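This briefing is meant to be read with the structure open, so that each residue named can be located as the text goes along. The lead sentences deal with one residue and then with the fold, and the bullet points follow by topic.

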Amino acid sequence: MKSELRRLGEQRKILWQRYYALVAEQHRLLTLGSLEELGAVLDRKDEVIGELEELEKRWEYLREGQAPGDGDYSGELEALEGEIRALVEQVGETERASLEVAGRLRDQIMDKLAEVQQARQLFTAYGAPDCPVQGAFLDKAR
């Protein structure tokens with residue numbers, strides 16, 4: 001059981017490292033505004049999340065089935081779990097920072113869309129002579 005826990009612990013650490021690398025790449029792309037490349041990173045993140053969910057379930061199952069005397073693994077697994085917790089914290093911090101950047105990008109895009117909509121309305125009202133909506137419609141004092 002101890003060797004199986006150690007093996008699963010190492011796999012968990014490797015997967016969390018992969019996930020953190022993807023989260024860091026997501027943050028980098030958001031910061032640069034490279035939204036075209038973001039989809040591929042998000043797809044890879046989803047794959048790793050699926051793998052992590054499965055591995056975490058197996059890990060918990062083994063941990064729960066562990067006999068009381070099996071818990072003494074001379075600190076190896078405890079140290080490994082500490083490293084994984086540190087990775088999880090880094091992932092959380094980077095995800096929060098990414099959400100802030102994504103929120104700012106969303107606001108910028110919404111502002112641009114509002115500008116385009118306003119320009120389209122002005123062009124329609126004053127720019128097209130055959131348009132049914134003319135400037136007199138906008139200027140009610142006329």
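Does Arg12 count as buried or exposed, and what is the relative accessibility of Arg12? With a relative accessibility of 7%, Arg12 counts as buried, because the cut-off for that class is under 20%. The model in view is predicted, and the mean pLDDT of the protein chain is 84, with 81% of its residues reaching 70 or more.

**Overall fold and confidence**

- The secondary structure of the protein chain comes to 4 helices and 0 strands, and the pattern read along the sequence is α-α-α-α.
- Confidence is highest in helix α2, at a mean of 93, and lowest in helix α4, which spans residues 135-138, at a mean of 52.
- Of the 142 residues in the protein chain, 30% count as buried, while the area that the chain exposes is about 9,800 Å², with carbon and sulfur atoms supplying 54% of it.
- Among the contacts in the protein chain with a separation of 6 or more, 72% are accounted for by residues 24 or more positions apart.

**Salt bridges between helices**

- The structure holds 11 salt bridges, one of which joins Arg12 to Glu56, with the closest N and O atoms 3.0 Å apart.
- This pair links distant parts of the chain, since Arg12 belongs to helix α1 (residues 2-32) and Glu56 to helix α2 (residues 35-64), with their positions 44 residues apart.
- Glu56, the partner of Arg12, has a relative accessible area of 19% and is therefore buried, the limit being under 20%.
- Another salt bridge brings together the side chains of Glu95 and Lys45, at 2.8 Å from N to O, and this pair also links distant parts of the chain, with Glu95 in helix α3 and Lys45 in helix α2, 50 residues apart.
- Both of these side-chain partners belong to buried residues, Glu95 having a relative accessible area of 17% and Lys45 one of 8%.

**Other salt bridges**

- The side chains of Glu54 and Arg58 meet in a salt bridge at 3.9 Å, N to O, and the two residues both lie in helix α2, 4 residues apart, which is about one turn of the helix.
- Arg58 counts as partly exposed, because its relative accessibility of 35% falls between the limits of 20% and 50%.
- Arg63, Glu81 and Arg85 are linked with one another in a network of salt bridges.

**Ser98 and its surroundings**

- Ser98 has its place in helix α3, which covers residues 76-127, and at 2% relative accessibility Ser98 counts as buried.
- The side chain of Ser98 makes a polar contact with the side chain of His27, at a distance of 3.1 Å.
- When neighbours within four places in sequence are left aside, the residues in contact with Ser98 are Val23, Gln26, His27 and Leu30.

**Ala24 and Thr94**

- Ala24 lies in helix α1 and is partly exposed, with a relative accessible area of 30%.
- Although Ala24 and Thr94 are 70 residues apart along the chain, their C-alpha atoms are separated by 6.7 Å.

Notes:
Residues numbered from 1 in each chain as written. Predicted model: local features only at pLDDT ≥ 70, side-chain atom pairs only at ≥ 80, totals over all residues. Heavy atoms only, no water. Buried < 20%, exposed > 50% of the residue type's maximum accessible area, 1.4 Å probe, protein only. Polar contact = N/O pair within 3.5 Å; in protein donor to acceptor, adjacent residues only side chain to side chain. Contact = heavy atoms within 4.5 Å. Salt bridge = Lys/Arg side-chain N within 4 Å of Asp/Glu carboxyl O. pLDDT = per-residue confidence, 0-100. Areas by Shrake-Rupley, 256 points an atom, 1.4 Å probe, with all protein chains shown as cover.
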